[in-house]
Amino acid sequence: MNRTAILVDGAFFLARYRKVYGERDASDARAVAKTVFSMALEHLKAVDRPREQLYRIFFYDCPPLEKSFVKPISGDSIDFGRTGAAAFRRELHDQLRRQRKMALRLGRLAERGEWQLKRNAYQQLREGSLHWDDLGDEHFEPDMRQTQVDMKIGIDIAALTYKKLVDQIILIAGDADFIPAAKLARYEGIDFILDPMWQGIAPDLHEHIDGLQSVCPRPF
């Protein structure tokens, strides 16, 4: 039987979720987890496959930051492990583990214990709508990045391909880091579809995929 695997870049999905599903509560972990599964079913419908042909959904993310930092302006201490964002991430991962046909793949957060200016604050400074003297703690965020996530996505694509577990892979992501793995899969005969959740992609990415398909509501 032909089978489809659906791979979800968690950080990308959550960022797009807030824009695509603006009417939904983005802090409701259970609803977000259900949306991941419902999107997978919508993809199967779009390629005219029954839900029985879903091999598995792979969701890639990182555990929340669990450290304390001293805020850059006020000097107050904040324990990120006690924030609402951390609680949401833990609950989301728990809800995803409960979903049928779901595999949660966790990387790690690499942080340097420093703060960096948020992108929108930087833009406001450039535009002149925000001045240096007006900067507060809310304009900064911890300097951290995900590690191992892209590697896990690539390894899973290779494993699914070489073990012939599926004949189709649908990747929900928005950057070009997947290109080497996509080339491998396509070379081995896998139908490779990209879902950027209506986010624009570079024109040259089209040559590395077999189809572009977004099943979520299109944001206005």
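User: Which residues does L160 touch, not counting residues up to four places away in sequence?
Analyst: In this predicted model, L160 has its place in helix α5, which covers residues 149–162. Leaving aside residues up to four places away in sequence, the residues that L160 touches are A5, L7, Y55, F58, L165, V166 and I169.

User: Is L160 buried or exposed, and what is its relative accessible area?
Analyst: A residue counts as buried when its relative accessible area is under 20%, and as exposed when that area is over 50%. L160 therefore falls in the buried class, with a relative accessible area of 3%.

User: How many Å apart in space are L160 and F58, C-alpha to C-alpha?
Analyst: F58 is among the residues that L160 touches, although the two are 102 residues apart in sequence. In space, from C-alpha to C-alpha, the distance between L160 and F58 is 11 Å.

User: Which residue in β8 stands opposite L7?
Analyst: L7, which is one of the residues touched by L160, can also be followed into the sheet. Strand β1 takes in residues 4–9 and strand β8 takes in residues 168–172, and these strands pair in the parallel sense over five bridges. Within β8, the residue that stands opposite L7 is L171.

User: Which strands are the edge strands of the open sheet?
Analyst: Strands of a sheet pair through backbone hydrogen bonds, in either a parallel or an antiparallel way. Here six strands form an open sheet with parallel pairing, in the order β5-β2-β1-β8-β9-β10. An edge strand pairs on one side only, and this applies to β5 (102–106) and β10 (211–212).

User: For which residues does UniProt list "domain: NYN"?
Analyst: Over the listed stretch the chain is 48% helix and 21% strand, and its end C-alpha atoms are 34 Å apart. The name comes from an unreviewed UniProt entry, which lists "domain: NYN" for residues 144–191.

User: What percentage of the 220 residues of the protein count as buried?
Analyst: The protein has six helices and ten strands, and its C-alpha trace spans about 60 × 35 × 35 Å along the principal axes. The protein exposes about 12200 Å², of which carbon and sulfur atoms supply 47%. Among its 220 residues, the share that counts as buried is 45%.

User: How many Å apart are the centres of the positive and negative side chains?
Analyst: The protein carries 33 positive and 33 negative side chains, and each set has a centre of its own. The distance between these two centres is 7 Å.

Notes:
Residues numbered from 1 in each chain as written. Predicted model: local features only at pLDDT ≥ 70, side-chain atom pairs only at ≥ 80, totals over all residues. Heavy atoms only, no water. Pairing = 2+ DSSP bridges. Helix = DSSP H or I, 4+ residues; strand = E, 2+ residues; numbered from the N terminus. Buried < 20%, exposed > 50% of the residue type's maximum accessible area, 1.4 Å probe, protein only. Areas by Shrake-Rupley, 256 points an atom, 1.4 Å probe, with all protein chains shown as cover. Lys, Arg positive; Asp, Glu negative; His and termini not counted. Charge placed at Lys NZ, Arg CZ, Asp CG, Glu CD. UniProt positions renumbered as here; feature names shortened; annotations may be inferred. Contact = heavy atoms within 4.5 Å.
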